[in-house]
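User: I would like to go through this model with you, one topic at a time. Could you take my questions as they come?
Analyst: Certainly; please show the structure and begin.

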There are 2 protein chains.
Amino acid sequence: MIIDGHSHVCLPVEKHIHLMDKAGVDKTVLFYTSIHPETASNFADVKKEMQRLKENVAGDTNLSTKARIQGLKEQKDAISLYPSRFIGFGSIPGSLTDFERNEYIEKEVIGNGFVGLGEFTLPSGFIQTLRPIFKSSANFGNLPLWIHAFHPLTLPDIKQISQFAKEFPSVPVIIGHLGGSNWLETVDLVKETPNLYLDISAYFSTFVLKIIINELPLKCIFGVDMPYGDLQLSLDAVRKLSNSNDVTKAVLGENIAVLLNL
Amino acid sequence: MIIDGHSHVCLPVEKHIHLMDKAGVDKTVLFYTSIHPETASNFADVKKEMQRLKENVAGDTNLSTKARIQGLKEQKDAISLYPSRFIGFGSIPGSLTDFERNEYIEKEVIGNGFVGLGEFTLPSGFIQTLRPIFKSSANFGNLPLWIHAFHPLTLPDIKQISQFAKEFPSVPVIIGHLGGSNWLETVDLVKETPNLYLDISAYFSTFVLKIIINELPLKCIFGVDMPYGDLQLSLDAVRKLSNSNDVTKAVLGENIAVLLNL
């Protein structure tokens, strides 16, 4: 089974399914988004969407409630339309009390059949705000957490994620985008921490990708990060760079299937 | 003509030529390196080389003279062996006086038939040290400069590069790796500055790559950054993402051919 372990809702949803069909991808773990650069028709519109993305990734919390509700609706609608193809991770507002968060997870995550939490995009220096999320995950049967770890996160941020992972050893944590420029140190942290995993989307060096998937074949999870990555090109890269068919199969689906009990 | 506008010396050189032949690449603009992760046989060795790379990219100048001389010899040897396939850019030690630099360029760059200067890898905040290099370039017939602009460079660093480009409008400047996480603002700087160009190696989002090559088809220069990038996968990406054959041809060779009078 081939699984894209990380992509966002892309519009129209039918086009996303068509691309999955064409590439032979069985399932996609689908994440919320309020940004749709894939629907922009000119550079100015793309720029506007990407500027909003940048603000989001930098941890801007001024996202309008309306945009958030719309994004969540799109995610739920996509999964309802294609329940055998999409699996949901639940996005959580950052400003909730413990009580509100647990109520939110019960209703919006568990209630919708979602199987994990994320993507968490935080500014550098704010990883400690994830501690209550680790606690909530443990409360709800250890929902895997998915944390963006490319720019603007730094090595100290990623180290703090690994410390939380050690403190909550039952909570699986997927470090997004290989840890970005800090991939070398991130690999060591993932090696020594059983519940840490690596999402391989947004690789900027195929040499690095090759090293990592073959060094940590059971810890790497294929992800495309659509609309930012290309499904077929990402598949081609893993297939070309894997040293064996076992590595390819583990990275392209088996690892996330085990993690999510698929 | 298909030209890889940016790769480093890879050992053995014959293997590099073989990969170029297989992918149908006519020429490669070849850059110096003292680091050879492609020859490492296990993860520990790769790690050692990548750690050294990281120090180099961060502007560490403690590189031993021996390693530097060896790297320069490898570059000259590769070009001598395959003069119709490799074109050299000259690396310049950072600590030279104006007089020494001009002497060095005359002997080691012009004297070896090299056609540009770089790759310049500087720590963030040190772009002003490139000003004398711009002057030297102008003195020697406007040798194109190639500047690493991924992490650790920041937007203010890239802005300073564009200011120098405006101050020296006859000096072509290639901004490496699309400006990294600052690609959106970098595109605007490249648009408004005629002598600024974008190297497209180390893209971390094919969506971003698609936007940029189609928005600035005459300013983008194909680069693989071997050994860090994969030649065939990089070619596949440009071909898939170009909106027209004209864009493909411009990015994959015509632009750099014009710039270097090939």
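User: Is B:Lys48 buried or exposed?
Analyst: In this predicted model, B:Lys48 has a relative accessibility of 55% and therefore counts as exposed, the cut-off being over 50%.

User: Which residue forms a salt bridge with B:Lys48?
Analyst: The partner is B:Asp45, and the closest N and O atoms are 3.8 Å apart. Both residues belong to helix H2 of chain B, where three residues, or about one turn of the helix, separate them. B:Asp45 is partly exposed, its relative accessible area being 29%.

User: What about B:Glu49, with which residue does it form a salt bridge?
Analyst: B:Glu49 pairs with B:Arg52, with 3.0 Å between the closest N and O atoms. These two are also about one helical turn apart, because they lie three residues from each other in helix H2 of chain B. B:Glu49 counts as buried at 17% relative accessibility, whereas B:Arg52 is partly exposed at 28%.

User: Now B:Lys166 and B:Glu192. How far apart are their closest N and O atoms?
Analyst: The distance is 2.9 Å, and the pair forms a salt bridge. B:Lys166 sits in helix H6 (residues 155-167) of chain B and B:Glu192 in helix H7 of that chain, so the salt bridge ties together parts that are 26 residues apart in sequence. Both ends are partly exposed: B:Lys166 has a relative accessible area of 41%, and B:Glu192 has a relative accessibility of 49%.

User: Which residues do salt bridges that share partners join into one network?
Analyst: One such network consists of A:Lys76, A:Lys107 and A:Glu108.

User: And how many salt bridges are there over all chains?
Analyst: The count is 24 over all chains. Between chain B and chain A there are four. A:Lys240 and B:Asp230 form a salt bridge, their closest N and O atoms being 3.0 Å apart.

User: Staying with the interface, how many residue pairs are in polar contact across it?
Analyst: Twelve residue pairs are in polar contact across the interface of chain B and chain A, both residues of each being at pLDDT 80 or more. On the side of chain B that touches chain A, the elements giving two or more residues are helix H2 (43-57), helix H7 (183-192), helix H8 (206-215) and helix H9 (231-241). That side is made up of 19 nonpolar, eight polar and ten charged residues.

User: How much area do the two chains bury between them?
Analyst: They bury about 3100 Å², and 66% of that is on carbon and sulfur atoms. Within chain B, the residues that lose the most area to chain A are B:Phe43, B:Leu184 and B:Phe207, which together account for 22% of what that side buries. The contact takes 37 residues from each of the two chains, chain B and chain A.

User: Different topic: where does B:Asp225 lie?
Analyst: B:Asp225 is in the loop between strand E8 (220-221) and H9 of chain B. Its phi is near 60 degrees, a positive value in a residue other than glycine.

User: Is B:Asp225 buried or exposed, and which residues does it touch?
Analyst: With a relative accessible area of 10%, B:Asp225 is buried. Leaving aside residues up to four places away in sequence, it touches B:His6, B:Ser7, B:His8, B:His177 and B:Ser201.

User: Which residues does a cis peptide bond join in chain B?
Analyst: The cis bond joins B:Met226 and B:Pro227, with omega at about 10 degrees. B:Pro227 lies in the loop between E8 and H9 of chain B. In chain A, a cis peptide bond joins A:Met226 and A:Pro227, where omega is about 10 degrees.

User: What is phi of A:Leu178 near?
Analyst: Phi of A:Leu178 is near 60 degrees, a positive value in a residue other than glycine. A:Leu178 lies in the loop between strand E6 (173-175) and helix H7 (183-192) of chain A, and it is buried, with a relative accessible area of 4%.

User: Lastly, how many helices and strands are there in chain A?
Analyst: Chain A has ten helices and eight strands. Its radius of gyration is 17 Å, which agrees with the value near 18 Å for a compact globule of 262 residues. Buried residues make up 60% of the chain.

How values were computed:
Residues are numbered from 1 along each chain as its sequence is written. Chains are lettered from A and ligands numbered from 1 in the order in which they are written. This is a predicted model: local features need pLDDT of at least 70, side-chain atom pairs count only at pLDDT 80 or more; totals for chains, interfaces and linings use all residues. Side-chain values use heavy atoms; hydrogens and water are left out. Contact means heavy atoms within 4.5 Å. Buried area is the accessible area (1.4 Å probe) that two parts lose on being put together, summed over both. A salt bridge is a side-chain nitrogen of Lys or Arg within 4 Å of a carboxyl oxygen of Asp or Glu. A polar contact is a pair of N or O atoms within 3.5 Å; within protein, one must be able to donate a hydrogen and the other to accept it, and residues adjacent in sequence count only if both atoms are side-chain atoms. Helices (H or I, at least four residues) and strands (E, at least two) are DSSP runs, numbered from the N terminus. Ala, Val, Leu, Ile, Met, Phe, Trp, Tyr, Cys and Pro count as nonpolar, Asp, Glu, Lys and Arg as charged, and the others, Gly among them, as polar. The radius of gyration is taken over C-alpha atoms; the globule rule is 2.2 Å times the number of residues to the power 0.38. Buried means under 20% relative accessible area, exposed over 50%, partly exposed in between (1.4 Å probe, protein chains only).
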